[in-house]
Amino acid sequence: MPKTILIVDDSESIRTILKLTLEFKGYSVIEAEDGKKAFEILKQTDCDLVIADIVMPHMSGVELLNKVRHELKKEDLPVIICTAEENVNEEEFIRKGASKLLTKPFSPRSLLEIVDSLI
Amino acid sequence: MPDSELNSHLRGLETQMPQRMKTGIPGLDKILDGGFLYHNAILLKGPPGSGKTTLGIQVVYNGVLHFDEPGIIVLFEQFPQQLFRDISSYQWEIEDLIKEQKLTILFAQAEEVVAKDPGLDSPLISKIHNAVVETSAKRIVIDSISHFINIVKPRMDERELLLRFINSLKSIGLTPILTAEMESRDEKIGFEEYLVDCAVMLSSEASKDKTFPMRLIEVRKTRGHNHIRGKHPYRISERGVEIFPHLLPRRYEKEVSKDVSLEKVSSGIDGLDELLGGGYICGTSIIVAGMPGTFKTTVGVQFLTAGVKSDEKALLITFNESPSFLARIMKEKGIELESYLSSGKINIWHFFPKDFYMDELLYLLEDELKQHDIKRVVVDGINELERGIEDPATYKDFIAAFLSLLGRNNITSLFTQKLDQFPGSAPLTSIKYASMFDGIIFLGTIEIESAVHKVVSVLKMRGGDFSSDLREISCGKNGLYVLDKFVGLTGILAGNPQGQYKKTVEEIFQPLYFLRDFIDILASSDLEEDQRGQIVNNLKTEVTKLEETLKKHFSEEE
């Protein structure tokens, strides 16, 4: 059974690119356009990995991460946090519970490498 | 009428009459807490041209016309034709009332006030007495007491004379209204003020911030009832004297906070409601601040037209653009205003603030709000109002009174404020009296990648449930709409945006990396034929999308 990845980003084009890339590698993909919707999906569905943007309406990626770790108690679920901002400190996000920080624009190849290493 | 008849007439007066003698001048009755008291002697004192005679005659005239109370006008040293000429400038029709014996006019000489024998009534009192017997008059105006006092002064004590005169009028059931000249502006309290029950001062002074002299009325003393203290502006128009009581902002604070509902009303702008946390909170007053050309007026107008769509009546107060010009500009932006104005769904006030007293405006506004059941108000150009009042403290009081008036009528209102220079990173500090308003919306322009973008941000909103994102605002075929936020940029409000423009990153570079990686994958040989076909199709789609994005980005800037 293919592994399921949840993509959380308010940009439709980013979601499309991630989906195409991941599906090409045989992953099953679920999309959510903000943290709030992603949280609802995670409550009901078992995912193997989450890729979340930081800045989104309703609930940010960091808030989602916090809820995943503390409310859903999914401490081992890999969560990749994406950001377009420069000069961000990856260690800070790791401390908050992220598995990896991905800076946009990223290479789909490097994304796949990271995903493969986490699942 | 024999004395017994007169006495029973007087007793009738005491039991039948309501205690308050309404002047029929709404503003004055408000200041007087309902009107004068019957049988109180009233003094109207002011310099020449301040309208004392007009006011006195008006109170008597209104008594006849509106309260079925016959009246008497006593004029000293005046010819009848002079009176009729003066009165002809007002919309008063006194001739018929005189014929019907509802109004009596007596022309008197100063000497007639003095009794020939101390035990008898003076000739004037006898004349007045006869008129009361004939017409059952209840109100009388004496214009003016200064005339006879000055003439009889050398011969007798003016205090005693006036007291006897007032008491004689009261004793025949009249409520005397006495006018008196004020010789100089800094005149001390005159003896006549001690003898009357109610003293009303009128003044007229040149004003720097108005196109007309500042006329002020002040009730200095009342016996037996309350009044609103302070000086209240008044105007003399063809309707006579109109008074605009000073509104006291503090009195209404409790009423405003008593019934706070958090019901929200739409801004009428796509995307802005989301920033506002659902819309403006009903009954709040919001500043919309920005430099010229940042859609301030349009934000206001769209708020009003949205109200009309949900059957709420609206009022637009504008100082700069004329209604027809404004309607034309809005039409160009795809916003229908003209038909709403002509059908009366949106009322419009277009005037020059220097032509009005601020209290007068509030008075007219309260009337307008109640009469037309208005729910939304936009004041386009609060700066113009400020220019109409030179003293900052007075301006602040005025705004406080304005806002409390809107608040207690549960009106949702927007006030546009023009900022003269770019407010920098702390726009709140450049907005005057920001703390008095429930919310602040900032509109500005920023430059990113050689293109000017208009932006909107909610800086403050009562209730706190709002987003402080800085978003782009643009005008389409159907008015304004709010776009995505500017992420990845800092220093926008400081006028120096730094960082990458996220849209460019996501819309151009991300597909580019995608294409590059997939070309590599295609180049590798270990692909099945159907996998290769799918990748080619995906690549074609992404190339088309990228081309569109690039075209959009670069053609817009040309």
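Hi everyone, let's start with a helix. Helix α2, residues 35–44 of chain A, lies across strands β1, β2 and β3 of chain A, and its direction is at about 160° to β1(A). Please keep in mind that what you see here is a predicted model.

Helix α2 has company on those strands. Helix α1 of chain A, residues 12–24, also lies across β1, β2 and β3 of chain A, where β3 covers 49–53. For helix α1 the angle I can give you is to β2(A), and it comes to about 165°.

So what is the sheet underneath? In chain A, five strands form an open sheet with parallel pairing, in the order β2-β1-β3-β4-β5. At the edges sit β2 (28–32) and β5 (100–103) of chain A, each of which pairs on one side only. From one strand to the next, the twist averages 20°.

Now let's zoom in on one pair. Strand β1 of chain A, residues 4–8, runs parallel to β2(A), and five bridges join the two. If you'd like a spot to find on screen, look for V8(A): across from it, in β2(A), is A32(A).

Stepping back to the whole chain, how many helices and strands does chain A have? There are five of each. Reading from the N terminus, you go through chain A as β-α-β-α-β-α-β-α-β-α.

Two last figures, for those who like them. Chain A has 119 residues, and 35% of them are buried. And taking the contacts in chain A with a separation of 6 or more, 56% are between residues 24 or more positions apart.

That's my tour, thanks for listening!

Key:
Residues are numbered from 1 along each chain as its sequence is written. Chains are lettered from A and ligands numbered from 1 in the order in which they are written. This is a predicted model: local features need pLDDT of at least 70, side-chain atom pairs count only at pLDDT 80 or more; totals for chains, interfaces and linings use all residues. Two strands pair if DSSP finds at least two bridges between them. Helices (H or I, at least four residues) and strands (E, at least two) are DSSP runs, numbered from the N terminus. Axes are lines fitted to C-alpha atoms, for helices over the stretch in contact, and angles run from 0 to 180 degrees between N-to-C directions. Two residues are in contact if their C-beta atoms, placed from the backbone, lie within 7 Å. A residue is buried if 20 or more other C-beta atoms lie within 10 Å of its own, exposed if 12 or fewer, and partly exposed in between; C-beta atoms are placed from the backbone.
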